[in-house]
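This report describes selected features of one protein model for a reader new to structural biology. Please keep the sequence and the structure in view while reading.

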Amino acid sequence: MLHRIQRVLKLTRLNQKILSLAIPVFFGMISYTAIMISDTAMVGKLGEVPLAAVGFGGMVYFSIFAFLMGGSMAVQIIVARRYGEKNEIGVGNTLVNSVYVAIVLGSIMSWLGYIYSPNIMSILGDDPEVIAYSGEFLSYRFLGTVFFFVGFALRGFFDGIGIVQAGMLSSIVAALTNIFFNWILIFGNLGFPALGVKGAAIASSLSSIPSLFVIFIFFLRKDILPFFKKQVWTPNYEIIKELCAVGFAPAIEGTLTNISFAGFYKIAGLISTTTLAASSVVISCMSLSFMPGIAFGVAATTILGQAMGQGKIRLAYEGTMRSATFSAMVMGTMGIVFIIFGNQLLSIFTDVPAVIKEGYPALCIVAFVQVGDAYHMVVGSALRSAGMMYWVMFAYLIISFLVMLPLAYFFGIVLKGGSIGIWAAFFIWILLLAISFVRKFRKKEWINIRI
């Protein structure tokens, strides 16, 4: 009886820890999603072609965004391990060197992206008008990359030690400033010129700067100072190498997976511009539901990393599966909302009846795979934290490029299934990822992996 009571108390404390980590991240992700939603909703007032262009260009940029998130995941994974080991110097060293990497790589990406974005979109796109708009959007969107990269590195540090409020508040500030800048620059308010699609991109890039200042405030906390008391500020190439080794797979995985989605968009564009615009709107709606997956994935990454650092394997396993269950409950509920209120949700992003009509059946398909999406996102995050990031990378690439894209082309174009066909391929993609990740995690091959 006593053992059972202790067990219940432990699970209650674990539930509290999961929720205390996931809820702030969730609200932070709402803010990042608000950036994409505000771009889509405000540009949607300009017409079908600008809407398709921002959706297409945004998906390509999200490949870069995924690279940044993947790279910052290395910071969170290593910091969580060092924090669990009570290695304060190791925690501080990891952050300092991650910032150096973020500044160098982010600056290079900002410069190259600004110059070559029109060329990238001309290769991927088919409609000349969409190519012109999306190339301009992507160029200016790239300018803020260095600031986002540094911000993600700092956020990975705070997530790794469990202070997730830093990321939440910085995200909220980024979203609010992005919406404000959108209002000014897209439509030409407060005396500024109406820049349309270009204004949306500039607004998103500018929003990364005030969000950085918010994160810097958290370094004034007294419990942060011990990590930097004995800090060596020169670059440590062993730590940089470790960051690159751990972060390379998630970064490449995120980039290539999103490139596969650029291919998905291209297939949608081959069907029609309406299908492309509808896919853009469905992705925006879907972003509302995958936020809990990201939030509980961050919770699982931190709990597993700290538990592995302390040698608590059972806590690592239970923390992950319980996080995935919580996520499935929330995302499953969102799936029901998509089915019942789908047309109303779509109308937030566009007032074109043809786009709404094309998008609703696709949104219903997405609704039915929400629970699988929850498990795939959370357990995938935990596998990376456990050191199986390369296995996760190959699983994503194989299922994305050898299953999802061929099926999208076959169902959507060969069988002339249109939007329903390509989103049926998406359904299969998520289902296969969820099954693969849960089976791999349950085998516990990650127990003896050291980071």
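## Terms and basis

Helices are DSSP runs of at least four residues, numbered from the N terminus. By this numbering, Ile447 is found in the segment after H15. The model is predicted.

## The segment after H15

Ile447 is partly exposed, with a relative accessible area of 25%. Leaving aside neighbours within four places in sequence, Ile447 is in contact with Met308 and Ile313. A further relation concerns Arg322: 125 residues separate Ile447 and Arg322 in sequence, and their C-alpha atoms are 18 Å apart in space.

## Three residues of helix H11

Helix H11 covers residues 313-349, and Ser323 lies in this helix. Is Ser323 buried or exposed? Ser323 is buried, since its relative accessible area is 0%. When neighbours within four places in sequence are left aside, the residues in contact with Ser323 are Ile18, Phe296, Ala299, Ala300 and Val378.

Phe326 also has its place in helix H11. Beyond its neighbours within four places in sequence, Phe326 is in contact with Asn15, Ile18 and Phe296. Ile18 and Phe296 thus appear in the contacts of Ser323 and in those of Phe326. Val378 is a contact of Ser323; from Phe326, Val378 is 52 residues away in sequence and 9.9 Å away in space, C-alpha to C-alpha.

Gln344 is another residue of helix H11. With a relative accessibility of 46%, Gln344 counts as partly exposed. Twelve residues along the chain separate Gln344 from Ile356, and the distance between their C-alpha atoms is 9.0 Å.

## The nonpolar cores

Which residues touch the most other members of the largest nonpolar core? They are Phe157 and Trp423, in a core of 131 residues. Helix H10, residues 273-309, gives the largest share of this core, namely 20 residues.

Not counting residues up to four places away in sequence, Trp423 touches Phe264, Ser279, Val282, Ile283, Met286, Ala362, Ile365 and Val366. Apart from the largest core lies another core, of eight residues, including Met42, Ile186, Ala200 and Ala201.

## The second largest pocket

The second largest pocket holds about 280 Å³ of space. Its lining consists of Val60, Ser63, Ile64, Met109, Gly113, Ile120, Leu124, Leu138, Phe142, Thr255, Ile259 and Ala262. Four helices each give two or more residues to this lining: H2 (48-84), H3 (88-124), H4 (128-142) and H9 (237-271).

Which element gives the largest share of the lining? Helix H3 does, with four residues. In chemical character, the lining of this pocket divides into nine nonpolar residues, three polar residues and no charged residues.

## Cysteines without a disulfide

A disulfide is a covalent bond between the sulfur atoms of two cysteines. The rule applied here asks for a pair of cysteine sulfur atoms within 2.5 Å. By this rule, the count for the model comes to zero disulfides.

Why does Cys285 form no such bond? The closest cysteine sulfur, in Cys364, is 11 Å from the sulfur of Cys285, which is too far for a bond. Cys364 is likewise in no disulfide, with the sulfur of Cys285 as its nearest cysteine sulfur at 11 Å. Cys285 is buried, with a relative accessible area of 0%. Cys364 is also buried, and its relative accessible area is 14%.

## Positive phi values in two loops

Two residues other than glycine may be considered for their backbone angle phi. Leu190 has a positive phi, near 55°. Where does Leu190 lie? Its place is in the loop between helix H6 (165-187) and helix H7 (197-206). Leu190 is exposed, with a relative accessible area of 57%.

Lys416 has a positive phi as well, near 60°. Lys416 lies in the loop between helix H14 (389-414) and helix H15 (418-442). Is Lys416 buried or exposed? Lys416 is exposed, because its relative accessible area of 73% is over the 50% cut-off for this class.

Note on methods: Residues numbered from 1 in each chain as written. Predicted model: local features only at pLDDT ≥ 70, side-chain atom pairs only at ≥ 80, totals over all residues. Heavy atoms only, no water. Buried < 20%, exposed > 50% of the residue type's maximum accessible area, 1.4 Å probe, protein only. 1 Å grid on protein atoms, 1.4 Å probe; cavity = no way out; pocket = protein on both sides within 12 Å on 5 of 7 lines; lining within 4 Å. Points joined across faces, edges and corners; volume = space filled by probe spheres on them. Nonpolar A, V, L, I, M, F, W, Y, C, P; charged D, E, K, R; others polar. Contact = heavy atoms within 4.5 Å. Core = buried A, V, L, I, M, F, W, Y, C linked by side-chain atoms within 4.5 Å.
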